[in-house]
Amino acid sequence: MSIPIPHRPSGVLLGDPAASVTIDVFVDIQCPHSRAIWPNLMAVMEHYKGQSVSLKTHLITLSNHRQAWDMSLGLFALAEGDSEKFYRFATFLYERQDTFYNGQFLHKTHEDLRNLVADYAVEHGKVDREAFIERMDSSDVYVQGRTPIRYAATRSVWATPTVFINNAGLVPVDHHSSLEDWQAAIDPLLK
C-alpha cells in the first residue's frame with residue numbers, strides 16, 4: 001500500500017534549509033533515549049547557529065509508548081507549523097517526560113492524558129485550552145502526527161533515536177554522545 005502524499009514533508013526543520021550538513025533524527029517524545037539525545041541536539045544547533053547545518057526532527061510513536069501519540073499531537077497542535085514553538089515545547093515535554101511515562105499512566109485514562117497535554121500547552125504556550133484541544137483533534141494535526149512514522153518506515157527506522165547525517169545512517173553519534181563527539185562528526189563535513 002502506498003503512502004498518501006502529505007500536505008508537507010515529514011519533519012520539523014531547524015536551521016538552514018539549504019544546509020550542506022543535514023541531521024535527520026527520529027525521536028519518540030516518550031522514549032528515554034530520545035530524551036537523552038535531545039539536549040545535545042539543541043546544543044549542536046546552538047553551536048552551529050548561523051552555519052550551514054540543519055536539524056530535521058521526525059517525531060514518531062513507538063508501539064510500547066502508548067502516551068506518545070497524544071503527546072505528539074499536542075506538540076504539533078501547539079507549534080501550528082512554527083519550528084521554534086515545536087522545539088521549545090518538545091524541550092518542555094522532555095523535561096517532564098517522567099509525568100507521562102508508562103508507569104505514571106498505568107491506571108489513568110486517555111482523557112487524563114489529553115488533560116495533561118492540554119495543561120502543559122496552557123502552562124508553556126499560554127494558549128486557550130479549548131482551542132488547543134480542538135486543534136489537537138484536527139485532521140491537519142492528525143496527518144502531521146502520522147506522516148513521520150510512515151516516512152520512518154521508508155528509511156528502515158524501527159528504534160529511537162535514529163540519526164542520519166547527510167542521509168547516511170552509519171554515524172558515530174547517538175544518545176550517549178557529547179557535543180564534542182558531534183563536532184568531531186560535523187566539523188570535517190563543513191570544511
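Author: A residue is called buried when its relative accessible area is under 20%. The model discussed here is predicted.

Reader: What makes helix 2 mostly covered?

Author: Of the 12 residues in helix 2, 11 are buried, each therefore falling under 20% relative accessible area. Among them are Ala-68, Met-71, Leu-75 and Ala-79. The buried residues of helix 2 pack against strand 1 (12–15), strand 3, helix 3, helix 4, helix 5 (129–136) and helix 6 (139–154).

Reader: How do you know that the span of helix 2 agrees with its number of residues?

Author: The 12 residues of helix 2 should span 16 Å at 1.5 Å a residue, and the end C-alpha atoms are 16 Å apart, so the two agree. Just after helix 2 comes Glu-80, with a positive phi of about 50°.

Reader: Which helix gives the most to the largest nonpolar core, and how many residues does that core have?

Author: The largest nonpolar core has 49 residues, and Ile-23, Ile-29, Phe-86, Val-163, Ile-165 and Trp-182 have the most contacts inside it. Helix 2 (residues 68–79) gives the most to this core, namely eight residues. Another core, of six residues, lies apart from it, and includes Phe-26, Leu-62, Ala-152 and Val-157.

Reader: What is Ile-29 in contact with, neighbours within four places in sequence left aside?

Author: The contacts of Ile-29 include Leu-59, Ile-60, Ala-68, Met-71, Leu-75, Leu-93 and Phe-100.

Reader: Why are helix 1 and helix 3 called oblique to each other?

Author: Helix 1 and helix 3 (residues 83–94) pack at about 140°. Over 145 degrees would count as roughly antiparallel and 65 to 115 as roughly perpendicular; the rest, beyond the roughly parallel range under 35, is oblique. The two helices are therefore oblique. Their axes are 10 Å apart, and the crossing is left-handed. Ser-34, Arg-35, Trp-38 and Met-42 of helix 1 make the contact with Phe-86, Tyr-87, Ala-90, Thr-91 and Tyr-94 of helix 3.

Reader: Why does Thr-109 count as partly exposed?

Author: Partly exposed lies between under 20% and over 50%. Thr-109 has 41% relative accessibility, so Thr-109 counts as partly exposed. Thr-109 is found in the loop between helix 3 and helix 4 (110–125). The C-alpha atoms of Thr-109 and Ile-186 are separated by 44 Å.

Reader: Which residues of helix 7 are buried, and what do they pack against?

Author: Trp-182, Gln-183, Ala-185 and Ile-186 are the buried residues of helix 7. They pack against strand 2 (21–27), helix 1 (32–47), strand 3 (53–59) and strand 4 (162–165).

Terms used: Residues are numbered from 1 along each chain as its sequence is written. This is a predicted model: local features need pLDDT of at least 70, side-chain atom pairs count only at pLDDT 80 or more; totals for chains, interfaces and linings use all residues. Side-chain values use heavy atoms; hydrogens and water are left out. Buried means under 20% relative accessible area, exposed over 50%, partly exposed in between (1.4 Å probe, protein chains only). Helices (H or I, at least four residues) and strands (E, at least two) are DSSP runs, numbered from the N terminus. Contact means heavy atoms within 4.5 Å. A nonpolar core is a set of buried Ala, Val, Leu, Ile, Met, Phe, Trp, Tyr and Cys residues joined through side-chain atoms within 4.5 Å. Axes are lines fitted to C-alpha atoms, for helices over the stretch in contact, and angles run from 0 to 180 degrees between N-to-C directions. A crossing is left-handed if the near helix is turned anticlockwise from the far one by less than a right angle, and right-handed if clockwise. The expected span of a helix is 1.5 Å times one less than its number of residues.
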